[in-house]
Every structure is written in C-alpha cells, then in structure tokens.
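Hi there,

Here is the structure I promised to pass on. Have a look at it first, and my notes follow underneath.

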Amino acid sequence: QVQLVESGGGLVQPGGSLRLSCVVSRSFFKFTIMDWYRQAPGKQRELVASITGGGITNYGDFVKGRFTISRDNGKNTVYLEMNNLKTEDTAVYYCHVGASDHWGQGTQVTVSS
C-alpha cells in the first residue's frame with residue numbers, strides 16, 4: 001500500500017515562505033510523476049505543480065514563479081517551496097502520485113496577517 005506523508009504547513013504572513021515535504025512509501029519512486037494539489041474552502045481542488053522522475057516540472061498559472069517543486073529520489077521525497085505567499089494561497093495542500101488514486105492526508109497552509 002502506498003503511503004504519502006506531508007509536512008510543513010502552517011500559518012504565515014503575506015509575503016512569507018513555507019516549504020512543504022511529502023515522503024512517499026513506494027518502490028520505484030524515481031520513475032513516478034508527483035504532484036501537489038490544493039483545495040480552498042468552497043473551491044475545487046486544483047493542480048499546483050508536478051514533477052517527473054527526471055525533474056521536468058509544470059506549474060499552475062497562478063504560481064507565476066513563486067513556487068518551486070523539487071524531489072530527492074534518494075529520500076523518496078517531493079518538496080514544494082512557496083515564496084511571496086498571498087492570502088489567496090490559503091488552502092489544504094495535498095501530495096499526489098500522478099495518474100493514481102494515492103493522496104496524502106493534506107497539510108493546511110494559512111496566509112494571514
């Protein structure tokens with residue numbers, strides 16, 4: 001069974017930064033596309049960023065250079081570095097194995113002054 005454990009969420013002021021981590025218990029992790037999604041109250045879940053096993057990345061339009069997705073295949077871990085956070089970035093952030101039903105439990109990110 002695949003398990004994804006996220007960490008790193010919290011409360012931050014506008015303009016601040018957070019780094020999310022997701023440890024994945026899955027064989028052949030280095031071949032797996034990994035995603036970060038988010039869901040704000042009353043809104044649909046949306047793709048934040050994705051990364052292939054080889055490090056090719058893709059981002060949602062709203063990211064606009066503020067977020068960076070990365071991975072450490074030796075640690076079975078994917079990261080989401082978030083800078084210049086805005087109040088509209090407030091959401092639960094989920095780690096996801098690409099093209100699968102495997103999701104993490106979610107970590108709350110709140111951006112507020």
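N84 is partly exposed, because its relative accessible area is 43%. Please keep in mind throughout that this is a predicted model. N84 sits in the loop between strand 8 (77–82) and strand 9. Its backbone caught my eye: N84 is not a glycine, yet its phi is positive, at about 50 degrees. For context, most residues other than glycine have a negative phi. A99 does something similar, with a positive phi of about 55 degrees although A99 is not a glycine either. You will find A99 in the loop between strand 9 and strand 10, and with a relative accessibility of 87% A99 counts as exposed.

N84 also leads to R66. The backbone oxygen of N84 is 3.1 Å from a polar atom of the R66 side chain. A second polar contact joins the side chain of R66 to the side chain of D89, at 2.7 Å. R66 itself belongs to the loop between strand 6 and strand 7 (67–72). Is this arginine, R66, buried or exposed? R66 is buried, because its relative accessible area is 8%, and the cut-off for buried is under 20%. Setting aside neighbours within four places in sequence, R66 touches E81, M82, N83, N84, L85, K86 and D89.

Another arginine to look at is R26, in the loop between strand 3 and strand 4 (34–39). R26 is partly exposed, with 32% relative accessibility. Leaving out neighbours within four places in sequence, its contacts are V2, T32, N76, V97 and H102. If you want a distance to check on screen, try R26 and G10: they are 16 residues apart along the chain, and their C-alpha atoms are separated by 26 Å.

Next, the cysteines. How many disulfides does a search of the whole structure find? The search turns up 1 disulfide. The partners are C22 and C95, whose sulfur atoms are 2.1 Å apart. This bond links distant parts of the chain, with C22 in strand 3 (residues 18–25) and C95 in strand 9 (residues 91–97), 73 residues apart. The torsion about the S-S bond is about -85 degrees, so the disulfide of C22 and C95 is left-handed. C22 is buried, at 0% relative accessibility, and C95 is buried too, with a relative accessible area of 0%.

Now to the sheet. There is an open sheet of 6 strands in the order 2-10-9-4-5-6, and its pairing is mixed. Strand 2 (10–12) and strand 6 (57–59) are at the edges; each has a single partner strand, so one side of each is without a neighbour in the sheet. On average, neighbouring strands of this sheet are turned by 20 degrees against each other, direction ignored.

Strand 10 shows the mixed pairing well. Strand 2 and strand 10 (residues 107–111) run parallel and are joined by 3 bridges. Within that pairing, L11 has T110 as its bridge partner, and V12 is opposite V111. Strand 9 and strand 10 run antiparallel, also through 3 bridges, and here A91 is opposite V109.

The side chains of strand 10 follow a regular pattern. In a regular strand, side chains alternate between the two faces of the sheet. Here T107, V109 and V111 point to one face and are buried, whereas Q108 and T110 point to the other face and are not buried.

Last, the aromatic residues. The model has 3 aromatic pairs. One of them is Y37 with W103, an edge-to-face pair at 5.1 Å centre to centre with 65 degrees between the planes. Y37 is in strand 4 and W103 is in the loop between strand 9 and strand 10, so this pair ties together parts that are 66 residues apart in sequence. W103 also pairs edge-to-face with Y94, at 6.4 Å centre to centre and 90 degrees between the planes. Together, Y37, Y94 and W103 form one aromatic cluster. Within this cluster, Y94 is buried, with a relative accessible area of 14%, while W103 is partly exposed, with 33%.

Happy browsing, and best wishes!

How values were computed: Residues are numbered from 1 along each chain as its sequence is written. This is a predicted model: local features need pLDDT of at least 70, side-chain atom pairs count only at pLDDT 80 or more; totals for chains, interfaces and linings use all residues. Side-chain values use heavy atoms; hydrogens and water are left out. Two strands pair if DSSP finds at least two bridges between them. Helices (H or I, at least four residues) and strands (E, at least two) are DSSP runs, numbered from the N terminus. Axes are lines fitted to C-alpha atoms, for helices over the stretch in contact, and angles run from 0 to 180 degrees between N-to-C directions. A disulfide is a pair of cysteine sulfur atoms within 2.5 Å. Buried means under 20% relative accessible area, exposed over 50%, partly exposed in between (1.4 Å probe, protein chains only). A polar contact is a pair of N or O atoms within 3.5 Å; within protein, one must be able to donate a hydrogen and the other to accept it, and residues adjacent in sequence count only if both atoms are side-chain atoms. Contact means heavy atoms within 4.5 Å. Rings of Phe, Tyr and Trp (its six-membered ring) pair if their centres lie within 6.5 Å; planes under 30 degrees apart count as stacked, over 60 as edge-to-face and the rest as tilted.
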